[in-house]
Amino acid sequence: MTNVVLVGTLDTKGVEYGWLRERLLRTGVEVIMVDTGIMGEPRVPADVPREAVARAAGTELPELRAAADRGAAVTAMAKGAEATLLRLHAEGRLHAVLAIGGSGGTSIATRAMRALPLGVPKLMVSSMASGDVAPYVGSSDITMMYSVVDIAGINSISAPVMANAVEAAAGMAKAFERASRELRRPARLGAGSRPLIAASMAGVTTIGVDAARERLTELGYEVLVFHVSGAGGRTLETLAGQGIFAGVLDLTLSELADDLCGGILTAGPDRLSAAGRAGIPQVVSLGALDMVKFGPLETLPERARYRRVHVHNPSITVVRTTPAECAELGRRVAAKLRVATGPTAVCVPLRGLSTLGAPGGTYHDPDADRALFSALREGLRGSSARLYDYDTHINDPGFGKAAADRLHAMIGAAAAAA
């Protein structure tokens, strides 16, 4: 039996959820309806009533109503929805999740979706999906679909949008149910298969990281490459914290530069922390710390307009980091790696940190790079992290292969010592 779980407020969106359920049943799947409404009466019956959702959050529905605090109530029902979906998943009764809503409904449903393992189909039809969806998606694999019009009745625009969502959710659910246990539970990847390696990459470090990836594949690993787009770094950190990686090859740290300098692709202050906390062997480099990423050229902040500016593409403009910024980045990298509990090595490409920063490149600046290297060395002095210099740039294939070989040796040594 294939089950699609619908999660939503059946007081304000009951008609729309009833329509979704009817359409889903026509596709041959079963439907489990979870009600996260609070105030009004549900307009369609639920399989998991709102009272049960509230109790799953450790509270009672009358208490939420009496408090008359919408924000607190939404938070509680989101917590209860999360617990409910996790229970259904553990029972093998959840093969896809579909929800519709505005800001409140999207907040509730996506919190519950984010708690589910990667690979479980998650589809959110939302009036918020045309803007910044990072708070809703986080580091999960939620699919966001823009509703175009508000979720307020079934009309000539909303009907085809939601019909597409129904077919997508049903199709994903059927495929998910057919999939093997390993594919259904990505957190178990690496158990009985090739050990997993996480690698970080940007367009300006692709050549070096590709060489490392190819070498690690030859050595018997499966390499998962994360684009350092903010979301990519957060996802790498989340999965490293779950302990699914045998090692981490973190050659591209540009998200740290964005975090320091106000760029648009920051992964937050915890970037470059999870592998160290988990004790996972990690090889780190300094890729793309020679730049900060902003949006289109016309949106460049005034403070950045008089520096070395490069239009990377119509959506991304990059600015060269200064010697002072590089020194601070060196201190920040060192501070994170000093406290790592597992084997840690830093590979330093002395001749450039990106395609732009290599000799002859727009951002080649030996003084700024030296400020980075010097601060890093000083910050790592006396720590267990090992630092290795390479007289080349980061996109030299030989550098990538050397970093891969070093990580392989560290993983082997850690396994032998365990």
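This passage describes the domains, nonpolar cores, helices and selected side chains of a predicted model.

The protein chain is assigned two domains. Domain 1 covers residues 3-183, and domain 2 covers residues 196-417. Their C-alpha centres are 37 Å apart.

The largest nonpolar core holds 60 residues. Within this core, Leu 20, Leu 24 and Leu 98 touch the most other members. Helix α7, residues 158-178, is the biggest contributor, giving ten residues. Beyond its neighbours within four places in sequence, Leu 20 is in contact with Leu 6, Leu 98, Ile 100, Met 162 and Val 166. Another core, of 27 residues, lies apart from the largest one. Leu 272, Val 284, Leu 300 and Val 333 are among its members.

Met 128 is placed in the loop between β4 (122-126) and α6 (134-137). Met 128 has a relative accessible area of 31% and is therefore partly exposed. With neighbours within four places in sequence left aside, the contacts of Met 128 are Gly 102, Ser 103, Thr 106, Val 133 and Tyr 136. Met 128 and Val 225 are 97 residues apart along the chain. Their C-alpha atoms are separated by 29 Å.

Two helices, α10 and α11, were examined for burial. In α10, the buried residues are Gly 232, Gly 233, Thr 235, Leu 236, Glu 237, Leu 239 and Ala 240. Their cover includes strands β6 (196-201), β7 and β8, together with helices α11 and α12 (274-278). Gly 243 follows α10 and has a positive phi, near 75°. Helix α11 spans residues 254-261 and is mostly covered, with six of its eight residues buried. These are Ser 254, Glu 255, Leu 256, Ala 257, Asp 258 and Cys 261. The elements over them include β7, α10, β8, β9 (282-287), β10 (291-294) and α13 (323-338). Thus α10 is part of the cover of α11, and α11 is part of the cover of α10. Just after α11, Gly 262 also has a positive phi, of about 80°.

A search of the whole structure finds two aromatic pairs. One joins Phe 226 and Phe 245, whose ring centres are 6.3 Å apart. Their planes meet at 80°, so this pair is edge-to-face. Phe 226 lies in strand β7 (residues 222-227), while Phe 245 lies in the loop between α10 (231-241) and β8 (247-252). The pair therefore ties together parts that are 19 residues apart in sequence. Both phenylalanines are buried. The other pair is formed by Tyr 390 and Phe 399. Here the ring centres are 5.3 Å apart and the planes stand at 90°, so this pair is edge-to-face too. Tyr 390 is buried, with a relative accessible area of 15%. For Phe 399, also buried, the value is 2%. A charged side chain meets a ring elsewhere: the charged end of Arg 406 sits over the ring of Tyr 388, 3.5 Å from its centre.

Arg 320 belongs to strand β12, residues 316-320. Its relative accessible area is 3%, under the 20% limit, so Arg 320 counts as buried. The side chain of Arg 320 has polar partners. It reaches the backbone oxygen of Tyr 363 at 3.0 Å. The Arg 320 side chain also makes a polar contact with the side chain of Asp 369, at 3.0 Å. Outside its neighbours within four places in sequence, Arg 320 is in contact with Asp 290, Arg 307, Arg 308, Glu 325, Cys 326, Tyr 363, Asp 365, Ala 368 and Asp 369. Tyr 363 and Asp 369 thus appear both in this list and as the polar partners named above.

Arg 307, one of the contacts of Arg 320, lies in the loop between β10 and β11 (309-313). Arg 307 is partly exposed, with a relative accessible area of 29%, whereas Arg 320 is buried. Once neighbours within four places in sequence are set aside, Arg 307 is in contact with Val 319, Arg 320, Thr 321, Thr 322 and Glu 325. Glu 325 is therefore in contact with both Arg 307 and Arg 320. The C-alpha atoms of Arg 307 and Val 318 are separated by 10.0 Å. Along the chain these two residues are eleven residues apart.

Terms used. Residues are numbered from 1 along each chain as its sequence is written. This is a predicted model: local features need pLDDT of at least 70, side-chain atom pairs count only at pLDDT 80 or more; totals for chains, interfaces and linings use all residues. Side-chain values use heavy atoms; hydrogens and water are left out. Domain bounds come from an automatic or database domain assignment. Helices (H or I, at least four residues) and strands (E, at least two) are DSSP runs, numbered from the N terminus. Buried means under 20% relative accessible area, exposed over 50%, partly exposed in between (1.4 Å probe, protein chains only). A polar contact is a pair of N or O atoms within 3.5 Å; within protein, one must be able to donate a hydrogen and the other to accept it, and residues adjacent in sequence count only if both atoms are side-chain atoms. Contact means heavy atoms within 4.5 Å. Rings of Phe, Tyr and Trp (its six-membered ring) pair if their centres lie within 6.5 Å; planes under 30 degrees apart count as stacked, over 60 as edge-to-face and the rest as tilted. A charge sits over a ring if NZ of Lys or CZ of Arg is within 6 Å of the ring centre and within 35 degrees of the ring normal. A nonpolar core is a set of buried Ala, Val, Leu, Ile, Met, Phe, Trp, Tyr and Cys residues joined through side-chain atoms within 4.5 Å.
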